[in-house]
Amino acid sequence: MKKQKDGCYRKQITVGHKDTGKVDKNGNPIRKSIIKSVRGKIIAEVEEKARKLKIQSGKGMDVFAAEDSFRQWARMYLDERKLEDLSPNYLDHMEQCIKHLEPIMDIPIGKVDIQHLKNTINGLSSRVEPYAGQRPLAKRTLTGINQFAKRVFNLAIEYRAIDFNPANFEVIPK
């Protein structure tokens, strides 16, 4: 662990290895370590972040993909679905879901939690900030938006970016 000039602490963790495409003199592939750094203001914070990162890495999770935004994952889900034979109306519905989920779009998918979704869905159902001045959405529409979010999180789980789907626990308000 190193102390940075700004007073924070930094620790580097090996989260995996990748092939370089080269071989050594014995014919074995040469592998390069994949390093991830964690930072914090105190040593205990850095150690906790490092511990969590090692656990994720040990589970085979892609710790770099978890840093991609919800927007990137939603677009990837939409692109995969466009390859299927879907109606234009259904594709429009999914585009609308993306617009309604705008408050969580720029959050890394690994950091979106139940509270983020709850605040977004409740905002759409009662039209509080940032939705003030607009009509509240119907329960069926809210259910469709939550289902879309659930599918995006399931895609991230399939690609081993996250191991928990926060949309599974969202209760749609009446």
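Visitor: What radius of gyration does the protein have, and what would a compact globule of 174 residues have?
Guide: The model is a predicted one. A compact globule of 174 residues would come out near 16 Å. Along its principal axes, the C-alpha trace spans about 65 × 45 × 25 Å. The radius of gyration of the protein itself is 20 Å.

Visitor: In what order do the elements of the protein run from the N terminus on?
Guide: The protein contains five helices and three strands. Read from the N terminus on, the order is β-β-β-α-α-α-α-α.

Visitor: Among contacts between residues at least 6 apart in sequence, what share joins residues at least 24 apart?
Guide: One pair of distant positions is Val46 and Met1, which are 45 residues apart in sequence and 8.6 Å apart in space, C-alpha to C-alpha. Val46 is also in contact with Met1. For the protein, the share of such contacts that join residues at least 24 apart is 58%.

Visitor: Is Val46 buried or exposed?
Guide: Val46 sits in helix 1, residues 43-58. Leaving aside neighbours within four places in sequence, its contacts include Tyr9, Lys11 and Val38. Its relative accessible area is 0%, and buried means under 20%. Val46 is therefore buried.

Visitor: How many disulfides are counted?
Guide: Two cysteines can be described here: Cys8 is buried at a relative accessible area of 15%, and Cys97 is buried at 1%. A disulfide needs a pair of cysteine sulfur atoms within 2.5 Å. By this rule the count is zero.

Visitor: Which residue forms a salt bridge with Arg51?
Guide: Side chains of opposite charge can pair when their charged atoms come close. The partner of Arg51 lies three residues apart from it in helix 1, about one turn of the helix. The closest N and O atoms of the pair are 2.7 Å apart. The partner is partly exposed, with a relative accessible area of 30%, and it is Glu48.

Visitor: Asp106 meets which residue in a salt bridge at 3.2 Å, N to O?
Guide: Asp106 is exposed, with a relative accessible area of 57%. The side chains of Asp106 and Arg71 meet in this salt bridge. Asp106 lies in the loop between helix 3 (88-100) and helix 4 (114-126) and Arg71 in helix 2 (residues 70-82), so the pair ties together parts that are 35 residues apart in sequence. The residue asked for is Arg71.

Visitor: Arg81 forms a salt bridge with which residue?
Guide: Arg81 is buried, with a relative accessible area of 17%. Its partner is partly exposed, at 42%. The closest N and O atoms are 3.2 Å apart, and the partner is Glu84.

Visitor: Which residue has a positive phi although it is not a glycine?
Guide: Most residues other than glycine have a negative phi. The residue in question has a phi of about 65 degrees. It is placed in the segment after helix 5 and is partly exposed, with a relative accessible area of 35%. It is Arg160.

Visitor: What is the area of the nonpolar surface patch made by Ile114, Phe164 and Phe169?
Guide: Phe164 is found in the segment after helix 5 (139-158). At 40% relative accessibility, Phe164 counts as partly exposed, and residues in a patch need over 30%. The area of the patch is about 280 Å².

Note on methods
Residues numbered from 1 in each chain as written. Predicted model: local features only at pLDDT ≥ 70, side-chain atom pairs only at ≥ 80, totals over all residues. Heavy atoms only, no water. Patch = residues over 30% accessible without salt bridge, like charges linked within 9 Å, V, L, I, M, F, W, Y side chains within 5 Å. Areas by Shrake-Rupley, 256 points an atom, 1.4 Å probe, with all protein chains shown as cover. Salt bridge = Lys/Arg side-chain N within 4 Å of Asp/Glu carboxyl O. Helix = DSSP H or I, 4+ residues; strand = E, 2+ residues; numbered from the N terminus. Buried < 20%, exposed > 50% of the residue type's maximum accessible area, 1.4 Å probe, protein only. Rg over C-alpha atoms; globule rule 2.2 N^0.38 Å. Contact = heavy atoms within 4.5 Å.
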